[in-house]
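Good morning, everyone, and thank you for making the time. Before I start, please bring the sequence and the model up on your screens, so that you can follow along as I talk.

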Protein chains: 2
Amino acid sequence: MARNITPKETDYSQWYLDIIKVAELADYAPVRGCMVIRPTGYSLWESIQKHFDDAFKETGHVNAYFPVLIPNSFLEKEAEHVEGFSPECAVVTHAGGELLEEPLVVRPTSETVIGHMYSKWIQSWRDLPILINQWANVMRWEKRPRLFLRTSEFLWQEGHTAHATEEEAMEETLKMLEVYRRIMTEILAIPVIVGEKTAGERFPGAVNTYTCEAMMSDKKALQAGTSHFLGQNFSRAFDIQFQNQKGEQEYAWTTSWGVSTRLIGALIMTHSDNDGLILPPRVAPVQVAILPISTNDSVMEEQLLPRALEFSDKLDQMLGGRFTFVDKQFHMRPGDRFFYHLQKGVPLRLELGEKDLAAGTVRAVRRDTGSKEDIPFENVPLRVKALLEDIHKNLYTRALDFRIANTFSASTLEELKVIVEEKGGFVETYFAGTPEEEKKIREETGATPRCMPLNDTCTGTCFLTGKPHARKTIFAKAY
Amino acid sequence: MARNITPKETDYSQWYLDIIKVAELADYAPVRGCMVIRPTGYSLWESIQKHFDDAFKETGHVNAYFPVLIPNSFLEKEAEHVEGFSPECAVVTHAGGELLEEPLVVRPTSETVIGHMYSKWIQSWRDLPILINQWANVMRWEKRPRLFLRTSEFLWQEGHTAHATEEEAMEETLKMLEVYRRIMTEILAIPVIVGEKTAGERFPGAVNTYTCEAMMSDKKALQAGTSHFLGQNFSRAFDIQFQNQKGEQEYAWTTSWGVSTRLIGALIMTHSDNDGLILPPRVAPVQVAILPISTNDSVMEEQLLPRALEFSDKLDQMLGGRFTFVDKQFHMRPGDRFFYHLQKGVPLRLELGEKDLAAGTVRAVRRDTGSKEDIPFENVPLRVKALLEDIHKNLYTRALDFRIANTFSASTLEELKVIVEEKGGFVETYFAGTPEEEKKIREETGATPRCMPLNDTCTGTCFLTGKPHARKTIFAKAY
């Protein structure tokens, strides 16, 4: 049992990779930059998917599937889009033993091919809105890959909607941003700041990009999900026109929005510690591990195991699914069995030995705090429920407190630079610069504008240029 | 509302494509041979997925994800495998703006890359069995594409397991074949014959291939799912070794098994008619369409719609999910609204007009038989349940009777040829030929050996070669 995780204070990058290794979340694929998502990691992704997919369906969206290969010429129809994505594309040049007439790119995102299909499907205002989501693999060739955060292939969902009016498309863009915020905070226990991206950080081809930004435990920022208002850029490029109620031809207004397996990286770097992974209960595939412990086989068979299975059934019923795991790894020492679940981030561990049996209690151990308590048998379901709720709350609050404690403000470039270098964290400023000025700040400080928070309605003077009407903007080093 | 479906008697191929079009299941992608799975088709795929995924998990399997790109050299490690798949591969030669050192193929199937990972993960007998499934897109370049049946890209699941003994791997192979058979018959209402493939029809690299073969309504065969016993072929090619309990190094025994979006083609060609799609209730995303019908707005708002929503809630509760659809397409004429659900294959339609309201009944119309009955309000849930069960049974029995009526036997090549040409259908023979002889039969008759049914334990004399101990073998033209 490997317990040797590099402490995050020593080497944060290595700590992150060690967590992925001991929790068996992912492995390196033979193709450089690609990853294998191992069963433990994939069950976490399935849990994340279910929460988002349910929310998409509740808000009227349907799933569909578009092809993985896109003609290269499609990318070229939107100038910013091709500039942004072409350098990252993997290109199929041969197929079926022959050289293709036109190279095909493995989708880096699907606005273009979906735009092409929408132009065929949409004729009248009656065909709108179209509210489609896709769960798929995408590919963006990475020079500096990092498991879950930057891999050449990753899994994601991409929503693509088309609307009759600008207002409706903007409403959709913000509605999905709110769905993202809600699931990230209420399920993943990751506090996020919702905001608008500055011009230099927008999605290639978007009019506006909105984002959920989170602070990792090394104080760097991570973009956890984005929602784009695409205006009529893609409908002009792909001729998505419809006849409005007056009988006139109009271009549709479109949006796109996505979250990816990157969220697993966000979960690791928000909650985990030097002992291993810590998962928030509402997204953990296993919420409670139940460990009957005894070297006496007959006590195990006749008393401990039946009791453990009884708890498992009752808890699963309460939790509404198979969220418990009865540990039968009897060939392992008890300490190793504890550590197995601890490293994999299981929120709550219930230990049941002969002494517990005699006392009529079970020992509950929290993953987040390590605190222990003995729960009388009859109280198990209710007390476990309360503990799981408290673990969620504690993880969320801990992360939020951390972010608040590591958020500063700066009114000059010098201040920004000093804070980024000496403290790290988020730096609030008022900013009204251009993409070129964003670049300059990045070169001098290493920080980039993460977002302009939506809840801030004040304006101030730009810390860099002195221009009035600058919006509050958070700068930070980012993943 | 397009009602012009080519009758299947006139042109079966066109009928099939017309069904896909009117039911909005799929569309052609801009890349030749690829398809777009439209929301209605994708919701059907999600329903199919759920049934299989639940069954995989119940039998101890877990999901994972392996990369879509595979080094070309991996395919070459298994001689039969590379010969079988190389000609169909799409090849990535450039990525990130550079020529790759080694070309990468878009996975046609994942035995090779998964074998490579298993060799890293498996050391001891304690690591076995590994029971992993993957839901993914795969690519096999098609010269003669056909929506759902043969597309260059398709969606599927591929199970890949590794075991310590030959017996255990063979048991797994047959267990998954049985899972396939059960879901195809009990959920999709498609009668299938389970059998072993002849040598000429085996998966490239397999020791044995087992299959579920179904008869379509044009009497041609469709291979609906396969399960492969791979022996030690891939573990030798990829060095999947483990230390057994005696401390010796051994090669693992592996299996693989898969079903794909082809099943949607099988559903269409098993059940549908000249009016459109017919879906079996247990796999239909919408099992019951409820249509309140009136031109009187206040009657609609105050009486019909509330009653329709009440039925919807009660039925969803009974069915254990959102399986009803309350039709509010009031801008359409009632006839067009009926036809809308009829074409999309909804198993049962409930019509509720003012006269029905006065009589306290709702008009139920079956999609499979077209028969109608008036159900008193209080009986709706129970009667609908019984009707849905009967629809499943009827669709299954109808397909089974059709297959039985179109299954013949032949004892000479001449007989086989005459039956295939004049009648079509399945032809039972006793056969003990070689792959070369299979090829000869195909060239002379157009038929291929579909399988050697597992339930047949007799042996006879080979109809072609006169050899003894020949096994019963079904020949047919196939998709």
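I will go through the contact between the chains, then the core, then some strands, and finally a few individual residues and salt bridges.

Please keep in mind throughout that this is a predicted model, and that what I quote is computed from it.

Let me begin with the place where the chains meet. How many residues does each chain bring to the contact? Chain B contributes 57 residues, and chain A likewise contributes 57 residues. The area buried between chain B and chain A comes to about 4,300 Å², and carbon and sulfur atoms give 63% of that area. On the polar side, there are 24 residue pairs in polar contact between chain B and chain A, counting pairs with both residues at pLDDT 80 or more. There are also 4 salt bridges between chain B and chain A, and one salt bridge you can look up joins A:E46 to B:K57, with the closest N and O atoms 3.0 Å apart.

Now to the core. The largest nonpolar core has 199 residues, and the members that touch the most other members are A:I48, A:F148, A:I268, B:I48, B:F148 and B:I268. If you zoom in on B:I48, and set aside residues up to four places away in sequence, you will find B:L188, B:L263, B:I264, B:L267 and B:V283 touching B:I48.

Helix α5 of chain B, residues 111-121, is mostly covered, with 8 of its 11 residues buried; the buried residues include B:V113, B:I114, B:M117, B:Y118 and B:W121, but also B:E111.

Next, the strands, and I will take chain A before chain B. Strand β18 of chain A, residues 361-366, has 5 of its 6 residues buried, and it is therefore largely enclosed by the rest of the structure. Which strands does β18(A) pair with? Strand β17 of chain A, residues 348-352, pairs with β18(A) in the antiparallel sense over 4 bridges, and strand β19 of chain A, residues 372-376, runs antiparallel to β18(A) and is joined to it by 5 bridges. To find the register, note that A:E351 stands opposite A:R363 in β18(A), while A:T361 stands opposite A:P376 in β19(A). The hairpin of β18(A) and β19(A) has 5 residues between the strands, and within that hairpin A:G370 takes a positive phi near 80°.

A:E351 deserves another look, since it also forms a salt bridge with A:R349, the closest N and O atoms being 3.0 Å apart, and both A:E351 and A:R349 are buried.

In chain B, strand β9, residues 193-196, pairs antiparallel with strand β10, residues 208-215, over 4 bridges, and B:V194 has B:C212 as its bridge partner there. Strand β9(B) is also joined by 2 bridges to strand β22 of chain B, residues 448-453, again antiparallel, with B:M452 as the bridge partner of B:E196.

Over all chains, the whole structure holds 46 salt bridges. One of them, in chain A, joins the side chains of A:K197 and A:E213 at 2.7 Å, N to O. This pair links A:K197, in the loop between β9 and β10 of chain A, with A:E213 in strand β10, 16 residues apart. Both A:K197 and A:E213 are buried, and they belong to a network of salt bridges that also takes in A:E201 and A:R450.

I will finish with two serines. Is B:S272 buried or exposed? At 3% relative accessibility, B:S272 counts as buried, and its place is in the loop between α8 and β15 of chain B. A polar atom of the B:S272 side chain lies 3.1 Å from the backbone nitrogen of B:I278, and, beyond residues up to four places away in sequence, B:S272 touches residues including B:K8, B:W15 and B:L267.

The other serine, A:S235, is found in helix α7 of chain A, residues 233-238, and counts as buried at 0% relative accessibility. A polar atom of its side chain lies 3.2 Å from the backbone oxygen of A:Q232, and, leaving aside neighbours within four places in sequence, A:S235 is in contact with A:I240, A:Y251 and A:A252.

Notes
Residues are numbered from 1 along each chain as its sequence is written. Chains are lettered from A and ligands numbered from 1 in the order in which they are written. This is a predicted model: local features need pLDDT of at least 70, side-chain atom pairs count only at pLDDT 80 or more; totals for chains, interfaces and linings use all residues. Side-chain values use heavy atoms; hydrogens and water are left out. A nonpolar core is a set of buried Ala, Val, Leu, Ile, Met, Phe, Trp, Tyr and Cys residues joined through side-chain atoms within 4.5 Å. Buried means under 20% relative accessible area, exposed over 50%, partly exposed in between (1.4 Å probe, protein chains only). Contact means heavy atoms within 4.5 Å. Two strands pair if DSSP finds at least two bridges between them. Buried area is the accessible area (1.4 Å probe) that two parts lose on being put together, summed over both. A polar contact is a pair of N or O atoms within 3.5 Å; within protein, one must be able to donate a hydrogen and the other to accept it, and residues adjacent in sequence count only if both atoms are side-chain atoms.
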